[in-house]
Amino acid sequence: MRRLIHAPKHKRIYETMALIRKSKQFRWNRKHLLGLRELSAEEITYILDTAKGFEQISTRSVKKAPPLRGKVVVNLFFEDSTRTRNSFALAANRLSADIIEFTRKDSSVSKGETLLDTARNLEAMGIDIVVIRHNAAGAPTFLSRNINASVVNAGDGFCEHPTQGLLDVYTIRKIKGSLQGLKIAIVGDITHSRVARSDMWAMTKLGAEVTFVGPPTLIPAEVGRLPVNVSYSLDEVIEKVDVINMLRIQFERMGGNPFPSIREYAHYFGLTVERMKRAKPDILVMHPGPINRGLEIESEVADGRNSAILQQVTNGLAVRMAVLFLVNQAAAQTS
Amino acid sequence: MKVILNSRQIEQTLDGLADRIVSETPGELNIATVGIRSRGEILAQRLSSILSQKLGKDVPRGTLDITLYRDDLNSPQSAVQPKVQTTEIGFDIDDKIIVLVDDVLYTGRSTRAAMDALIDLGRPKAIKLAVLVDRAGREFPIQADYAGHKTDIEPGKLVQVSLVESDGKDEVVIE
């Protein structure tokens with residue numbers, strides 16, 4: 001410290017800055033990505049910053065880099081998925097990993113094998129990373145405690161879908177610069193949406209104000225304990241928000257009749273051209289896909305100039321590359 | 001701590017490197033510089049502007065992040081955790097003479113990674129290596145085409161390059 005005090009002023013400033021940099025040097029230590037709830041704002045920001053470096057791989061002549069060369073990634077999907085599964089597969093390929101596709105229909109799961117037995121058998125073949133989607137909340141966490149490989153959650157029940165949450169905040173940050181102080185509405189079937197939950201954790205940790213919007217039948221009972229506002233009227237919030245994320249109505253998960261008719265839902269909660277006229281001119285329109293055109297969102301809006309829906313897909317690839325890279329790095333350094 | 005290059009000597013060294021690059025490159029070929037993050041980026045910037053002046057034409061420059069090409073990513077003992085950053089090369093590298101710029105050439109491992117990263121972006125006419133400090137201790141069969149200061153210090157020591165843009169002063173010291 002004495003050296004700092006006696007050094008000339010400008011020198012002192014730079015030496016102090018170097019000390020701060022050194023002491024604050026962040027280290028990514030998680031070998032699993034199970035959810036965003038447990039991550040700090042700093043960890044989320046680190047993933048987003050890392051993803052930035054992966055974006056250009058997809059635009060150059062050789063769309064591949066070598067950091068996961070010799071590693072094996074398993075896509076272990078117990079639920080249907082096109083976008084997420086392909087995105088993870090392509091991300092693994094672009095990092096030079098080998099990928100095994102494992103889906104429910106064509107596997108021994110249909111013969112009655114348990115999740116743990118399936119995973120242990122895969123592990124016996126020498127895999128490094130398991131990307132898992134499962135209809136039971138907590139399945140990825142359970143797996144992470146029982147096998148040595150890294151586990152990445154690609155969606156568990158109604159709990160979390162962390163890479164979707166990350167790609168959503170990545171897209172918002174890229175277009176809006178920062179999430180600090182933004183007002184964001186997440187609209188639709190909140191109860192059955194793991195995307196809504198992962199979004200909520202990521203967005204609020206990065207400083208945004210989140211409102212869940214939907215009919216009371218599709219807003220979960222526990223919402224009072226979550227860091228969000230609730231509104232039962234899209235018309236009430238449409239003028240105020242900077243970002244609107246329209247969730248898909250998940251007919252396959254609904255029991256009973258949460259709303260009287262599809263037309264009535266679209267009338268009250270659909271993002272229509274009419275409603276868009278009352279929104280801020282630079283409102284960002286998002287949707288995790290697949291879209292029910294004309295139900296939660298009108299085609300003109302989904303394909304319109306405020307829509308970031310296809311950018312979300314592109315960014316998802318960079319974010320998933322970053323996640324695979326980081327969990328592998330943490331695994332290598334703790335082994 | 002011993003100063004091996006001061007501000008004026010750094011300036012002279014870069015000017016000398018530029019002179020040699022100009023004299024050894026046929027005039028009809030297009031030169032561009034590509035700096036290896038992070039000090040190489042700044043040096044490439046300076047070298048490009050000196051070369052532009054000497055050649056009377058624009059010498060584009062880019063920045064290469066070699067993190068994904070490092071050979072120690074999966075080694076448990078690596079003390080630092082390299083952060084992936086962006087590669088920013090806004091021009092086509094095909095058929096150009098690419099002068100790869102780094103602050104210190106030591107083991108040669110960064111250069112190997114940089115060459116691999118570069119050829120994933122295209123096919124340059126040639127890759128040349130220019131470094132401010134050439135330190136003995138190569139682990140790979142790699143040599144600099146244009147080396148500034150040469151030094152033969154023992155393995156335990158550290159060559160610390162400080163540049164105004166990132167550290168507030170121009171100086172190379174051995175610690």
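Q: How many residues of chain A are in contact with the 17 residues of chain B?
A: Welcome to this predicted model, where local features need pLDDT of at least 70, side-chain atom pairs count only at pLDDT 80 or more, and totals for chains, interfaces and linings use all residues. Residues are numbered from 1 along each chain as its sequence is written, while chains are lettered from A and ligands numbered from 1 in the order in which they are written. Two residues are in contact if their C-beta atoms, placed from the backbone, lie within 7 Å. By that rule, 17 residues of chain B meet a set in chain A that numbers 20 residues.

Q: Which classes make up the side of chain B that touches chain A?
A: Ala, Val, Leu, Ile, Met, Phe, Trp, Tyr, Cys and Pro count as nonpolar, Asp, Glu, Lys and Arg as charged, and the others, Gly among them, as polar. Sorted this way, the side of chain B that touches chain A has six nonpolar, seven polar and four charged residues.

Q: How many Å separate the centres of domain 1 and domain 2 of chain A?
A: The bounds come from an automatic or database domain assignment, which gives domain 1 (64-160) and domain 2 (162-313) in chain A. Nine residues of domain 1 of chain A are in contact with nine residues of domain 2 of chain A. Taken over C-alpha atoms, the separation of the two centres is 28 Å.

Q: Which strands of chain A are the edges of the open sheet of four strands?
A: Strands are DSSP runs of E with at least two residues, helices are runs of H or I with at least four, and both are numbered from the N terminus. Two strands pair if DSSP finds at least two bridges between them. The order in this sheet of chain A is β2-β1-β3-β4, with parallel pairing. Pairing on one side only marks the edge strands of chain A, β2 (98-103) and β4.

Q: Why is one side of β7 and of β9 of chain A left without a neighbour in the sheet?
A: These strands belong to an open sheet of five strands in chain A, with the order β7-β6-β5-β8-β9 and parallel pairing. β7 (229-231) and β9 (284-286) of chain A stand at the edges, so one side of each lacks a neighbour in the sheet, because each has a single partner strand.

Q: At about how many degrees does helix α8 of chain A run to β6(A)?
A: Axes are lines fitted to C-alpha atoms, for helices over the stretch in contact, and angles run from 0 to 180 degrees between N-to-C directions. Helix α8 (residues 194-205) of chain A lies across β5 (183-187), β6 and β8 (243-246) of chain A. Its angle to β6(A) is about 160 degrees.
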